[in-house]
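Hi everyone, thanks for coming. I'd like to walk you through one structure today, and I'll begin with a term we need along the way.

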Amino acid sequence: IFALTMLALPFNAQASAVQSVLHDAEIRGAATFRYFGFPVYRAQLFTKSGAPLDWSKDFGLELAYLRNLIETDLVESTMRELNRTGAALPVRGQLEQCFRDVRKGDRYAAISNGPNQIRFWHNGKQVCTLSHPKIKNRFMSIFLGDNTRSTSFTQKLKGE
């Protein structure tokens, strides 16, 4: 019965790794990312007190997956997006350590720790820290930058 109750809770009613790590984090915005019309994940942006996104401050992003994906696809799509939005970065090996296969309902949280680190949680358990100069801007811009795959997704996620 407990498992059924948890499934019935809305996305934002379940405890977030971001809120347990980032002091005073509140949801700023939420959006569902779709690929060719198929929902892939539901994203939530957490900022301090739900304030507008400020790239100079730490913030968190949580994705709740709506379909099964394998680790290789997560790494490849992330590398493609990093390359599409700027110069190539030598972070493939780190991403391979961070990402796992995801099943429908799994969650990944990415929480910045200054400009050069992002800590990752998979289903509430910390799995790695991605480190590279200015990685916060580069990685989070995939979802929150000016050149994302979906302007409407980004605007909703940013609470605009």
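Let me start with how I use three words: a residue is buried when its relative accessible area is under 20%, exposed when it is over 50%, and partly exposed in between. With that, Arg92 at 32% is partly exposed. Please keep in mind that this is a predicted model.

Arg92 has a partner, so to speak: Glu76 forms a salt bridge with it, and the closest N and O atoms are 2.5 Å apart. This pair links distant parts of the chain, with Glu76 in helix α3 and Arg92 in helix α4, residues 92-98, 16 residues apart. Glu76, with a relative accessible area of 30%, is partly exposed too.

How many salt bridges does the structure hold? There are four. Another one joins Arg107 and Glu62, with 2.7 Å between the closest N and O atoms. Arg107 sits in strand β4 and Glu62 in strand β3, so this pair ties together parts that are 45 residues apart in sequence. Are these two buried or exposed? Arg107 counts as buried at 10% relative accessibility, and Glu62 is buried at 2%.

Next comes Glu81, which forms a salt bridge with Arg149, the closest N and O atoms being 2.7 Å apart. Since Glu81 belongs to helix α3 and Arg149 to the loop between α5 and α6, the pair ties together parts 68 residues apart in sequence. Here Glu81 is buried, with a relative accessible area of 11%, whereas Arg149 is exposed at 56%. Salt bridges that share partners also bring in Arg84, so to say: Glu81, Arg84 and Arg149 are joined into one network.

Now to the pocket, for those of you who like docking boxes. The largest pocket holds about 740 Å³ of space. Of the 28 residues lining this pocket, those closest to its centre are Phe33, Tyr41, Ser77, Thr78 and our friend Glu81. Which element gives the largest share of the lining? That is α3, with seven residues. By type, the lining divides into 18 nonpolar, four polar and six charged residues.

Last stop, the surface. Tyr35, Phe36 and Phe38 make a nonpolar surface patch of about 430 Å². Tyr35 is found in strand β1, residues 25-35, and is exposed, with a relative accessible area of 51%. Thanks for listening!

Definitions and conventions
Residues are numbered from 1 along each chain as its sequence is written. This is a predicted model: local features need pLDDT of at least 70, side-chain atom pairs count only at pLDDT 80 or more; totals for chains, interfaces and linings use all residues. Side-chain values use heavy atoms; hydrogens and water are left out. Patches are made of residues with over 30% relative accessible area and no salt bridge: like charges are joined within 9 Å, nonpolar side chains (Val, Leu, Ile, Met, Phe, Trp, Tyr) within 5 Å. Accessible areas come from the Shrake-Rupley method with a 1.4 Å probe; for residues, only the protein chains shown count as cover. A salt bridge is a side-chain nitrogen of Lys or Arg within 4 Å of a carboxyl oxygen of Asp or Glu. Helices (H or I, at least four residues) and strands (E, at least two) are DSSP runs, numbered from the N terminus. Buried means under 20% relative accessible area, exposed over 50%, partly exposed in between (1.4 Å probe, protein chains only). On a 1 Å grid over the protein atoms alone, a cavity is a set of points where a 1.4 Å probe fits but cannot get out, and a pocket is an open set with protein on both sides within 12 Å along at least five of seven lines; lining residues have an atom within 4 Å of a point. Grid points are joined across faces, edges and corners, and a volume is the space filled by probe spheres set on the points. Ala, Val, Leu, Ile, Met, Phe, Trp, Tyr, Cys and Pro count as nonpolar, Asp, Glu, Lys and Arg as charged, and the others, Gly among them, as polar.
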